[in-house]
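Open the model in your viewer and keep the selection box at hand. Each stop gives something to select, then says what is there.

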Amino acid sequence: MIGLVDCNNFYVSCERVFQPRLEGVPVGVMSNNDGCVIARSSELKALGVEMGTPAFELQQWARQGRICLLSSNYELYGDMSARVREVLEEFSAGVEPYSIDEMFVRFDGFDDATTLALSQTLYRNVRQFTGIPVCVGVAPTRTLAKLANRAAKKRPEYGGVCVLAGDDDETRRLLEQTALGDVWGVGRRLVERLALQGIETAWDLCRTDPKAIRRRFSVTLERTARELRGTPCIEMNDADEPRQRIMTSRSFGRLTGELNELQEAVRQHAQRGAEKLRAQQSQARAVLVFLKTNRHRPDLAQYAPSIVMELPEPTDDSRPILAAAQQALEAIYRPGYRFMKAGVMLLDLVDAHREQLSLLDSPDHAADRERSERLMSTLDELNQKMGRGTVRLGVPRQNAAWQLRCAHRTPRWTTQWGELMRARTG
């Protein structure tokens, strides 16, 4: 069995942990440079505010005190995500981040009663130890775990935890009530094509012959159909959809504590992640970098840090992505540890063709963007023709000014000494 732990309204929940006054208040978190809304509380959604709404359209409500708009605080969100992961790792060695607010958790070797009890414990403990509310969905496959998590979030009768056996009446009822577009990895165009074949619900896809699905559509959709039947077929990066995050990591051939070797590894992963980003025609708003020591070596000091760096603007250009990744590595690196793994995750991906352009965008900025597109296109073309890695970027510029102006960013409560919360007595 595998579980999916999903943090509810994660960015807003992180803010509410340190500002309880925001509970029950319509809250929106804005994108880089306070451009548009990228995260909404349930109260803000109820007011009809859509994802991507330009912030200037909501300023009157904000001035009237009807809503609260905050700048994105990725350093806080990244640290809170790491804290959630630490809680999960106390119960399972198989924690796999899917995005900054979603993590798969292995439940191998437990009977049904124990799995349910453990899921409920995770549900309570994450909230107790981090302040972040979550929902937990557990099933035999990742696709069913996604559906179970959605049910746990949408249906009050589950109490935030849904465990599906995969072959029982409860699973069948859920599949019958789930529209095909709500199945992990089934996009809008594929929904339209399947509808022509009379396949409109998750249950319809589940009971369709997988081999016929493969012949008419793809092996990826065949895997999805088999997963709905309870047969594991999909690993972390197999879903045929624009990914919500792009992870690139690899274990080292030997343990190392040398900063220059870690820099080389992170540089390689960041470049590869940027290539994947361009291949799926997306842009990233932030970069997460992590390191891991070998937990199976109790004779060595243990350290598994991670940090999120916000990008100046959504981009698929390898250069700012590499610079942010190197800056992140320098922030978390500590001498005296021997690391076995490093990785880079690109977060908060957006469609490159729907990039929001500022009305104040200068001609020079537009020209720089066009040059960036041509450069990255040429780099990718050369690497495709001559072999991956033929053209690589070197060490990024030092002392680059990557800090953003965020007029409404809250303090980085958990990572900056100068921004610690203050308590008063008397």
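Select Met-80, Arg-83, Val-84, Val-87 and Leu-88 in α4, then Leu-122, Asn-125, Val-126, Phe-129 and Thr-130 in α5: these two sets meet. By class, this contact has seven nonpolar, two polar and one charged residue. The model is predicted.

Now show the two helices whole, residues 74–89 for α4 and residues 112–130 for α5. Their axes come within 10 Å and cross at roughly 135°. α4 and α5 are therefore oblique to each other. The crossing is right-handed.

**The largest nonpolar core**

Stay with Leu-88. Add Phe-10, Tyr-11, Tyr-77 and Ile-132. Of the 43 residues in the largest nonpolar core, these five touch the most other members. Which helix gives the most to this core? α4 does, with seven residues.

Apart from it lies another core, of 34 residues. Leu-194, Ile-199, Ile-213 and Leu-228 are among them.

Go back to Phe-10 and expand the selection to its contacts. Leaving out residues up to four places away in sequence, Phe-10 touches Tyr-77, Met-80, Ser-81, Ile-100, Asp-101 and Ile-132.

**Two positive phi values**

Step back to Asn-9, in the loop between β1 (2–7) and α1 (10–18). Most residues other than glycine have a negative phi. Asn-9 has a positive phi, near 45°. Is Asn-9 buried or partly exposed? Its relative accessible area is 26%, so Asn-9 counts as partly exposed.

Jump to Gln-281, in the loop between α12 (259–279) and β10 (282–293). Gln-281 is not a glycine, yet its phi is positive, about 55°. Gln-281 is partly exposed too, with a relative accessible area of 45%.

**A buried loop serine**

Select Ser-31. It sits in the loop between β2 (27–30) and β3 (37–40). Why does Ser-31 count as buried? Its relative accessibility is 6%, and the cut-off for buried is under 20%. Show its contacts next. With residues up to four places away in sequence set aside, Ser-31 touches Cys-36, Ile-38, Ser-72 and Arg-285.

**An enclosed helix**

Move to α11, residues 219–228. Seven of its 10 residues are buried, so α11 is largely enclosed by the rest of the structure. To see the buried ones, pick Thr-220, Leu-221, Glu-222, Thr-224, Ala-225, Glu-227 and Leu-228. Leu-228 also belongs to the core of 34 residues.

What covers the buried residues of α11? Switch on α6 (142–154), α7 (169–176), α8 (188–196), α9 (202–207) and α10 (210–216), which are included in the cover. Then look just past the helix: α11 is followed by Gly-230, with a positive phi near 100°.

**The last helix pair**

Finish with α12 and α13, the latter at residues 318–332. Two packed helices are described by the angle between their axes and the distance between the axes. For α12 and α13, the angle is about 145° and the axes are 9 Å apart. α12 passes α13 in a right-handed crossing.

Colour the contact by helix:

- On α12, select Leu-259, Leu-262, Gln-263, Val-266, Arg-267, Ala-270, Gln-271, Ala-274, Leu-277 and Arg-278.
- On α13, select Ser-318, Ile-321, Leu-322, Ala-325, Gln-326, Leu-329 and Glu-330.

Recolour by class. The contact of α12 with α13 divides into 10 nonpolar, four polar and three charged residues.

How values were computed. Residues are numbered from 1 along each chain as its sequence is written. This is a predicted model: local features need pLDDT of at least 70, side-chain atom pairs count only at pLDDT 80 or more; totals for chains, interfaces and linings use all residues. Side-chain values use heavy atoms; hydrogens and water are left out. Axes are lines fitted to C-alpha atoms, for helices over the stretch in contact, and angles run from 0 to 180 degrees between N-to-C directions. Helices (H or I, at least four residues) and strands (E, at least two) are DSSP runs, numbered from the N terminus. Angles under 35 degrees count as roughly parallel, over 145 as roughly antiparallel, 65 to 115 as roughly perpendicular and the rest as oblique. A crossing is left-handed if the near helix is turned anticlockwise from the far one by less than a right angle, and right-handed if clockwise. Contact means heavy atoms within 4.5 Å. Ala, Val, Leu, Ile, Met, Phe, Trp, Tyr, Cys and Pro count as nonpolar, Asp, Glu, Lys and Arg as charged, and the others, Gly among them, as polar. Buried means under 20% relative accessible area, exposed over 50%, partly exposed in between (1.4 Å probe, protein chains only). A nonpolar core is a set of buried Ala, Val, Leu, Ile, Met, Phe, Trp, Tyr and Cys residues joined through side-chain atoms within 4.5 Å.
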